[in-house]
Amino acid sequence: MMEIQRIKLGFFAVNCYLIKEAGHVLIIDPGARANKILEALQEQEHVEAIVLTHGHFDHIGAVDALVNQFHCPVYLNPKDEELARDMHLNALGKFSAALHCKTMPLEEPIVQIGSFQLKVFEAPGHTAGSCLIQIGNVMFTGDVLFKGSIGRCDLYSGNESEMRRSLKQFQKMDPELILYPGHEEPTMLQDELNHNPFLKERS
Ligand SMILES: [Zn+2]
């Protein structure tokens with residue numbers, strides 16, 4: 001039975017998710033405060049990998065510290081590699097972060113990590129390399145889709161018309177999907193298709 005823990009981290013309250021199944025763990029978007037993530041792991045649990053929905057500083061801040069600890073692979077879409085490695089491209093006001101560890105490509109259609117099968121949907125618009133990641137009946141939407149809204153398109157490598165195209169993908173997905181966004185509360189795809197103005201006006 002898969003268990004999902006949500007930990008809010010850092011000034012921007014990014015949702016870091018721990019996906020746990022039979023002692024194996026995936027960490028999605030460890031944005032800050034590695035110590036808080038370590039506290040949420042049990043002694044006998046094994047971290048298989050870190051998976052990033054995109055390369056923004058508020059989603060990657062604790063990656064290098066966790067890699068030093070666990071020596072686990074880190075998956076990121078190659079189109080966000082440049083952004084993730086450059087403090088300047090990745091800055092928002094006085095905030096920034098950069099990735100130094102090696103990465104593995106997070107790409108369509110499937111990425112298999114141990115016993116976890118990730119269905120990957122590339123969804124550019126918020127950043128060029130933003131991805132939606134489906135595991136079973138749940139989907140991690142990063143900063144593409146939030147409950148009642150969508151991510152901004154005005155940062156480096158953001159693009160509004162690509163975002164519009166990316167959002168169309170939700171029309172073809174299972175409305176029963178439970179969505180876990182990069183910020184704020186989880187939601188159901190059905191509710192977003194019914195109420196999210198950014199999905200409604202595109203339908
Ligand atoms: Zn972002």
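**Zinc site, sheet and unusual backbone in a predicted model**

This predicted model holds an open sheet of six strands with mixed pairing, in the order 7-8-9-10-13-14.

User: Which are the edge strands of the sheet?
Analyst: The strand order is 7-8-9-10-13-14. An edge strand pairs on one side only. That describes strand 7 (110-113) and strand 14 (187-188).

User: What is the bridge partner of valine 111 in strand 8?
Analyst: Strand 7 spans 110-113. Strand 7 and strand 8 pair in the antiparallel sense, over four bridges. In strand 8, valine 111 has as its bridge partner leucine 118.

User: Which protein atoms are the donors of the zinc ion?
Analyst: Three histidines and one aspartate supply them, at 2.1 to 2.3 Å from the zinc ion. Along the chain their spacing is H-x1-H-x69-H-x16-D. The donors are His54 (NE2), His56 (ND1), His126 (NE2) and Asp143 (OD).

User: Why is the site of the zinc ion not classed as tetrahedral?
Analyst: Four donors count as tetrahedral if all angles lie between 85 and 135 degrees. Here the angles among the four donor atoms run from 87 to 168°. The upper value breaks that limit, so the site is irregular.

User: Where do histidine 126 and aspartate 143 sit, and are they buried or exposed?
Analyst: Histidine 126 is in the loop between strand 8 (116-122) and strand 9 (131-135). Aspartate 143 is in the loop between strand 10 (138-142) and strand 11 (145-146). The pair links distant parts of the chain, 17 residues apart. Both residues are buried.

User: How many residues lining the largest pocket are charged?
Analyst: The largest pocket holds about 170 Å³ of space. Its lining includes the zinc donors His56, His126 and Asp143. Among the other lining residues are Phe12, Asp58 and Arg152. The lining divides into five nonpolar, four polar and, as charged residues, three.

User: Which residues does the cis peptide bond join?
Analyst: Most peptide bonds are trans. In this cis bond, omega is about -5°. Its proline lies in the loop between strand 6 (104-105) and strand 7. The bond joins glutamate 108 and proline 109.

User: Is histidine 71 buried or exposed?
Analyst: Histidine 71 has a positive phi of about 50° although it is not a glycine. Its place is the loop between helix 3 (63-70) and strand 5 (74-76). The relative accessible area of histidine 71 is 67%, and the cut-off is over 50%, so this residue is exposed.

User: What is the relative accessibility of serine 157?
Analyst: Serine 157, also not a glycine, has a positive phi of about 70°. The residue is in the loop between strand 12 (149-150) and helix 5 (160-168). Serine 157 counts as partly exposed, at a relative accessibility of 25%.

Conventions: Residues numbered from 1 in each chain as written. Predicted model: local features only at pLDDT ≥ 70, side-chain atom pairs only at ≥ 80, totals over all residues. Heavy atoms only, no water. 1 Å grid on protein atoms, 1.4 Å probe; cavity = no way out; pocket = protein on both sides within 12 Å on 5 of 7 lines; lining within 4 Å. Points joined across faces, edges and corners; volume = space filled by probe spheres on them. Nonpolar A, V, L, I, M, F, W, Y, C, P; charged D, E, K, R; others polar. Donors = N, O, S within 2.8 Å, 3.2 Å for Na, K, Ca; no water. Tetrahedral: all angles 85-135°; square planar, octahedral: opposite > 155°, others 65-115°. Helix = DSSP H or I, 4+ residues; strand = E, 2+ residues; numbered from the N terminus. Buried < 20%, exposed > 50% of the residue type's maximum accessible area, 1.4 Å probe, protein only. Pairing = 2+ DSSP bridges.
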